[in-house]
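Trainee: I am new to this structure and would like a close look at a single part of it. Could you take me slowly through how two of the helices pack, and then through what lies in the core?

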Amino acid sequence: MTQTDTSPRPQPTHTVVIPDEVPMVTLLGPRDELLRTVERAFPRVDVHVRGNEFRLTGDSAELALVERLVDELLAIVGRGQPLNRDAVERSIGMLRTATSDRPADVLTMNIVSSRGRTIRPKTLNQKHYVDAIDAHTIVFGLGPAGTGKTYLAMAKAVAALQAKQVNRIILTRPAVEAGERLGFLPGTLTDKIDPYLRPLYDALHDMVDSESMSKLMAAGTIEVAPLAYMRGRSLNDAFIILDEAQNTSPEQMKMFLTRLGFGSKMVVTGDTTQVDLPGGTQSGLRVVQDILADVEDIHFSHLTSQDVVRHRLVSDIVDAYGRFDERRQHRGPRRQAAGPAGGGSAPREDT
């Protein structure tokens, strides 16, 4: 009688040797923080570090991913960018999507540098968004809060101005917010409008020093204005950004897009889940996706909660609200059931 060997087969083991010129601490992180991040992401791989070697044991497919990850991290370090936990986690996420884009290319893509700080995409979708801005005349950036839609567009605008590809930057947004109207705010018209434009000023200050910004705005090279101020204009040789576009009406959206002049580029950003328009008013950002979907040289970039680059809780909040909205749409409006005669309580709806 033939006996079947049921003993477990030894798992494959690979060794990755790190070049001597790369300090291991740059890959492992302070107190091995980056190593722990890799171990949490690949629980089926045992990672042992000795000297300048990574000894990996475990599932073959996961081993291959870890080896590619080490190569990408080495490439990032080799391009002069320090590693942190966020870069490691985002590299792992990109590798798991099986994309042809290298994480090192995404995370070391410099858009603009100011005061020792470099602005660059942090996710694959953000890189595709930035690439689309380079390749198209009009780009729509759609996605939830914190995905870098406006920030990256403004970085591209500043880079274009510095490279003399455009003569001016024009930033605009509709003066609409939840529960407030301009007429109810104190002060002059400028005082009333300024709070709505403040986020654009804040982002600009990250990219242009205060003295230069004051001079550029005084000269009209950088203009920040409400959307209503765009009517009747033709904007040539400009990089134009419309922010919070979900709060435009279809008529306002058409008005804005037809301001496009020769030698100009437009980026329109917004989140169609956060419309603050009065009840019954359609969002121009929702309508325009059907109207311009097949027009050449216009591109729609979609970012998701996976592209949120704020506090890691922001991504979880966006996902939670998305699930809540989906449940509410499936369930329909809640109805208050009539209680039984005699004043008993109404039946409770299961949640």
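Mentor: Helix α2 (residues 33–41) and helix α4 (residues 85–96) pack at an angle of about 30 degrees with their axes 9 Å apart, where axes are lines fitted to C-alpha atoms over the stretch in contact and angles run from 0 to 180 degrees between N-to-C directions; helices are DSSP runs of H or I of at least four residues, and strands are E runs of at least two, numbered from the N terminus. The two helices are therefore roughly parallel to each other, a term for angles under 35 degrees. This is a predicted model, in which local features need pLDDT of at least 70 and side-chain atom pairs count only at pLDDT 80 or more, while totals for chains, interfaces and linings use all residues. Residues are numbered from 1 along each chain as its sequence is written, and side-chain values use heavy atoms, with hydrogens and water left out.

On the α2 side, Glu 33, Leu 34, Thr 37, Val 38, Arg 40 and Ala 41 meet Arg 85, Val 88, Glu 89, Ile 92 and Arg 96 of α4, contact meaning heavy atoms within 4.5 Å.

Turning to the largest nonpolar core (buried Ala, Val, Leu, Ile, Met, Phe, Trp, Tyr and Cys residues joined through side-chain atoms within 4.5 Å, buried being under 20% relative accessible area with a 1.4 Å probe, protein chains only), Met 154, Leu 171, Leu 204, Phe 239 and Ile 241 touch the most other members among its 34 residues. Helix α7 gives the most to this core, with 9 residues. Leaving aside neighbours within four places in sequence, Leu 204 is in contact with Met 154, Val 158, Leu 171, Met 213, Ile 222 and Val 224.

Technical notes
Parallel < 35°, antiparallel > 145°, perpendicular 65-115°, else oblique. Buried < 20%, exposed > 50% of the residue type's maximum accessible area, 1.4 Å probe, protein only.
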